[in-house]
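Work through the exercises below with the structure open beside you. Try each task before reading its solution.

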Amino acid sequence: MEPWLIALSVVVALALIVVVLSFLSPPRITYSEVIEVAAPSSQVYDDIRLQERLMQWSAWPAATRSTCAVDVSRAKGGRDGEVGARTVFLSGGKPSGFQEIVSLTPGTEVVLTLTSPGPPHTPRLTFEVMPLGPASTRVTMHFRNEFPRPFNAVWHLGGLSRWVRKLHLDDLAGLKRFSEGRSGASGQAA
């Protein structure tokens with residue numbers, strides 16, 4: 001058999017495998033995680049919505065070896081923590097994507113989206129903040145991401161679903177440490 005025919009057969013077989021796997025892999029990922037934080041809900045809410053604070057507890061910059069800068073040029077009133085505020089991820093000093101606040105429900109919910117290079121996808125992260133008492137807060141993080149085929153197969157086969165979920169769990173643990181470290185024993189901001 002001719003070498004070019006063998007190469008063509010391998011390429012066609014691989015393409016068929018990817019197509020089949022893309023129909024077997026879900027095009028959407030959704031999950032929720034919950035954590036309780038020993039800090040007032042107003043403080044925890046601000047620790048999430050204020051991008052300057054969020055980048056102090058987020059696991060993502062270290063995991064992606066990126067640095068971050070807050071861009072408030074699109075934010076309401078040009079302020080951090082408002083709809084439109086972005087955290088720009090820098091790799092080698094060049095922008096490599098951003099996280100943007102797309103919705104706020106004062107005191108109770110922060111919704112973020114992520115835009116990054118790579119395969120098309122639409123990640124959305126929602127933090128629900130619920131007071132449990134004057135110095136205790138429950139944070140529920142909801143994650144949703146959708147991929148067109150065949151990128152969904154590549155995402156799952158590459159182990160990226162597990163990696164992202166682990167980073168989200170690391171994020172919640174970081175939020176807990178950060179918020180609790182900023183609160184005094186009375187639950188008031190230190």
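A residue counts as buried when its relative accessible area is under 20%, as exposed when that area is over 50%, and as partly exposed in between. The model used here is predicted.

**Exercise 1. Classify residues by accessibility**

Task: Decide whether Arg 65 is buried or exposed, and do the same for Pro 106. Then classify Lys 166, Ile 48 and Val 88.

Solution:
- Step 1. Arg 65 has a relative accessibility of 75%, so it counts as exposed. Arg 65 sits in the loop between α4 (60-64) and β2 (67-71).
- Step 2. Pro 106 has a relative accessible area of 70% and is therefore exposed. Its place is also a loop, the one between β4 (94-105) and β5.
- Step 3. Lys 166 is at 48% relative accessibility, so it counts as partly exposed. This residue belongs to helix α6.
- Step 4. Ile 48, in helix α2, has a relative accessible area of 0% and is therefore buried.
- Step 5. Val 88, in strand β3 (residues 86-91), is buried because its relative accessible area is 16%.

**Exercise 2. Describe the fold**

Task: State how many helices and strands the protein has, and give their order from the N terminus.

Solution:
- Step 1. Counting the elements gives six helices and seven strands.
- Step 2. Read from the N terminus, their order is α-β-α-α-α-β-β-β-β-β-β-α-α.
- Step 3. For the chain as a whole, 39% of the 190 residues are buried.
- Step 4. The exposed surface is about 10300 Å², and carbon and sulfur atoms supply 62% of it.
- Step 5. Of the contacts between residues at least 6 apart in sequence, 53% join residues at least 24 apart.

**Exercise 3. Explain the burial of one helix**

Task: Why is α2 described as largely enclosed by the rest of the structure?

Solution:
- Step 1. List the buried residues of α2: Ser 41, Gln 43, Val 44, Tyr 45, Asp 47, Ile 48 and Arg 49.
- Step 2. Seven of the nine residues of α2 are buried, which means that the rest of the structure largely encloses this helix.

**Exercise 4. Find the nonpolar core**

Task: Which residues touch the most other members of the largest nonpolar core, and which elements supply at least two of its residues?

Solution:
- Step 1. In soluble globular proteins, nonpolar side chains tend to be buried together.
- Step 2. The largest nonpolar core has 31 residues, and Ile 48, Phe 127 and Val 139 touch the most other members.
- Step 3. At least two core residues come from each of β1 (28-37), α2 (41-49), α3 (51-57), β5 (109-115), β6 (124-133), β7 (136-146) and α6 (160-182). The largest share, five residues, is supplied by α6.
- Step 4. Leaving out residues up to four places away in sequence, Ile 48 touches Leu 54, Trp 57, Val 110, Phe 127, Val 129, Val 139 and Leu 175.
- Step 5. With the same neighbours left out, the contacts of Val 139 include Val 34, Ile 35, Val 44, Ile 48, Phe 127, Leu 172 and Leu 175.

**Exercise 5. Compare sequence and space**

Task: How far apart are Ile 48 and Phe 127 in sequence and in space? Look up two further pairs in the structure.

Solution:
- Step 1. Ile 48 and Phe 127 are 79 residues apart in sequence, and their C-alpha atoms are 7.9 Å apart.
- Step 2. Pro 106 and Tyr 45 are 61 residues apart along the chain, with 8.4 Å between their C-alpha atoms.
- Step 3. For Lys 166 and Ala 59, the separation is 107 residues in sequence and 9.6 Å from C-alpha to C-alpha.

**Exercise 6. Describe the largest pocket**

Task: How much space lies in the largest pocket, and which lining residues are the closest to its centre?

Solution:
- Step 1. The largest pocket holds about 670 Å³ of space.
- Step 2. It is lined by 36 residues, of which Trp 60, Thr 64, Leu 114, Ser 116 and His 121 are the closest to its centre.
- Step 3. Sorted by class, the lining has 21 nonpolar, 13 polar and two charged residues.
- Step 4. Helix α6 gives the largest share of the lining, five residues.

**Exercise 7. Check a backbone angle**

Task: What is the phi of Arg 65?

Solution:
- Step 1. Most residues other than glycine have a negative phi.
- Step 2. Arg 65 is not a glycine, yet its phi is positive, about 55°.

Conventions. Residues numbered from 1 in each chain as written. Predicted model: local features only at pLDDT ≥ 70, side-chain atom pairs only at ≥ 80, totals over all residues. Heavy atoms only, no water. Helix = DSSP H or I, 4+ residues; strand = E, 2+ residues; numbered from the N terminus. Buried < 20%, exposed > 50% of the residue type's maximum accessible area, 1.4 Å probe, protein only. Contact = heavy atoms within 4.5 Å. Areas by Shrake-Rupley, 256 points an atom, 1.4 Å probe, with all protein chains shown as cover. Core = buried A, V, L, I, M, F, W, Y, C linked by side-chain atoms within 4.5 Å. 1 Å grid on protein atoms, 1.4 Å probe; cavity = no way out; pocket = protein on both sides within 12 Å on 5 of 7 lines; lining within 4 Å. Points joined across faces, edges and corners; volume = space filled by probe spheres on them. Nonpolar A, V, L, I, M, F, W, Y, C, P; charged D, E, K, R; others polar.
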